[in-house]
Amino acid sequence: MDDIEILDQALTFHGHRCWASTAGVRIGLAAIRALGVKRAGAKELHAVIEIGDHHGGMCFGDGIQFTTGCTFGKGNIEKSGEGKFAVTLFDKASGRAVRVAYRPTLQPRIGATPFMRKRAAGVPASQIPDEEQLEVVHLVWDAPEDDVMTIGPVDARDWSEPEEVVRFVVCPSCGELVAEPYARVADGRVVCGACSGYPR
Ligand SMILES: [Zn+2]
Ligand SMILES: [Zn+2]
């Protein structure tokens, strides 16, 4: 699959065309190429993306998931919650990682497009005409690499996952199964979080 097909499929998966998902596709591809690895089929790679919650541009995460194969379903991606547009990709086999960050050189031009003006006025991306969606995609896709990203050094960094806890307890209050690390002690009994009444 060439890059333009990857972009096309990623945007189909994403559901609309936008600058942040396009940036995610370019940056995800750059990260796997910097490491010299293939898209993860299982858990060969692990990604930490710096986006947070409830902010614009989180679409970045879909471009990263599609291109790196690090997905929330496989559990080999996580958000660090910093509200930023960067990814650190770990190759577990070689113990190396690279951080690639979006570079906002184009942001004034992106902000001036009809697409972004409509988004700022609260129009959902999916209701904006195709040609206006494509305008922002091409701004980001056709720009020189140096204008849209900073590729950090590839350095030695291991990704080690916490060991999986496979023990469960049956909550005496609701009778449901809860993984041990999530059980709470309330009134001297070991119960599930919901039955404990404690805030999460
Ligand atoms: Zn989007
Ligand atoms: Zn319970």
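Leaving aside its neighbours within four places in sequence, which residues is His16 in contact with? They are Leu11, Ser21, Cys59, Ala125, Ser126 and Gln133. That residue gets its own close-up below, in a set of views taken from a predicted model.

**View 1. The whole chain, for orientation.**
Before zooming in, here's the layout: the protein chain carries eight helices and ten strands. Its C-alpha atoms fill a box of roughly 60 × 45 × 25 Å along the principal axes. The chain is split into domain 1, covering 3-156, and domain 2, covering 162-200. Taken over C-alpha atoms, the centres of domain 1 and domain 2 sit 37 Å apart. Of the chain's 200 residues, 40% count as buried. Looking at contacts with a separation of 6 or more, 67% come from residues 24 or more positions apart.

**View 2. The zinc ion (ligand 1) and its two histidines and two cysteines.**
Four side-chain atoms hold this ion: NE2 of His14, NE2 of His16, SG of Cys18 and SG of Cys59, at 2.0 to 2.3 Å. Angles among the four donor atoms run from 94 to 123 degrees, and the site is tetrahedral. If you're tracing the donors through the sequence, the spacing to look for is H-x1-H-x1-C-x40-C. Distant parts of the chain get linked here: His14 belongs to helix H1, while Cys59 is in the loop between S1 and H3, 45 residues away. As for burial, His14 has a relative accessibility of 14%, so it counts as buried. Cys18 comes in at 4%, and it counts as buried too.

**View 3. A closer look at His16.**
His16 is found in the loop between H1 and H2. With 18% relative accessibility, against a cut-off of under 20%, His16 counts as buried. Its side chain makes a polar contact with the side chain of His14, at 3.0 Å. Besides being a donor to the zinc ion (ligand 1) through NE2, His16 is in contact with Cys59, another donor to that ion. Its contacts beyond four places in sequence also include Ala125, Ser126 and Gln133.

**View 4. Helix H3 and what covers it.**
H3 runs over residues 60-68 and is mostly covered, with eight of its nine residues buried. Which ones are they? Phe60, Gly61, Gly63, Ile64, Gln65, Phe66, Thr67 and Thr68 make up the buried set. The cover over those residues includes two helices, H1 (3-14) and H2 (19-35). Strands S1 (45-49), S2 (77-79) and S3 (86-91) are also among the elements that cover them. Just after the helix comes Gly69, which has a positive phi, near 75 degrees.

**View 5. The zinc ion (ligand 2) and its four cysteines.**
This ion's protein donors are the SG atoms of Cys171, Cys174, Cys192 and Cys195, lying 2.3 to 2.4 Å from it. The site is tetrahedral, with angles of 99 to 115 degrees among the four donor atoms. Along the chain, the donors follow the spacing C-x2-C-x17-C-x2-C. Are Cys192 and Cys195 buried or partly exposed? Cys192 is buried, with a relative accessible area of 11%, whereas Cys195 counts as partly exposed at 32% relative accessibility. With cysteines in view, you might go looking for disulfides: the structure holds zero.

**View 6. Val178 and Gly175, one buried and one exposed.**
Val178 is found in strand S8, residues 177-179. Its relative accessible area is 10%, so Val178 is buried. Setting aside neighbours within four places in sequence, Val178 is in contact with Arg167, Phe168, Val169, Ala183 and Cys192. One of those contacts, Cys192, is also a donor to the zinc ion (ligand 2). Val191 is 13 residues from Val178 in sequence, and their C-alpha atoms are 8.3 Å apart. Gly175, meanwhile, lies in the loop between strand S7 (168-170) and S8. At 51% relative accessibility, where exposed means over 50%, Gly175 counts as exposed. How far apart in space are Gly175 and Glu164, C-alpha to C-alpha? The pair is 23 Å apart in space and eleven residues apart in sequence.

Definitions and conventions: Residues numbered from 1 in each chain as written. Chains lettered and ligands numbered in written order. Predicted model: local features only at pLDDT ≥ 70, side-chain atom pairs only at ≥ 80, totals over all residues. Heavy atoms only, no water. Buried < 20%, exposed > 50% of the residue type's maximum accessible area, 1.4 Å probe, protein only. Helix = DSSP H or I, 4+ residues; strand = E, 2+ residues; numbered from the N terminus. Contact = heavy atoms within 4.5 Å. Donors = N, O, S within 2.8 Å, 3.2 Å for Na, K, Ca; no water. Tetrahedral: all angles 85-135°; square planar, octahedral: opposite > 155°, others 65-115°. Disulfide = S-S within 2.5 Å. Domains from an automatic or database assignment. Polar contact = N/O pair within 3.5 Å; in protein donor to acceptor, adjacent residues only side chain to side chain.
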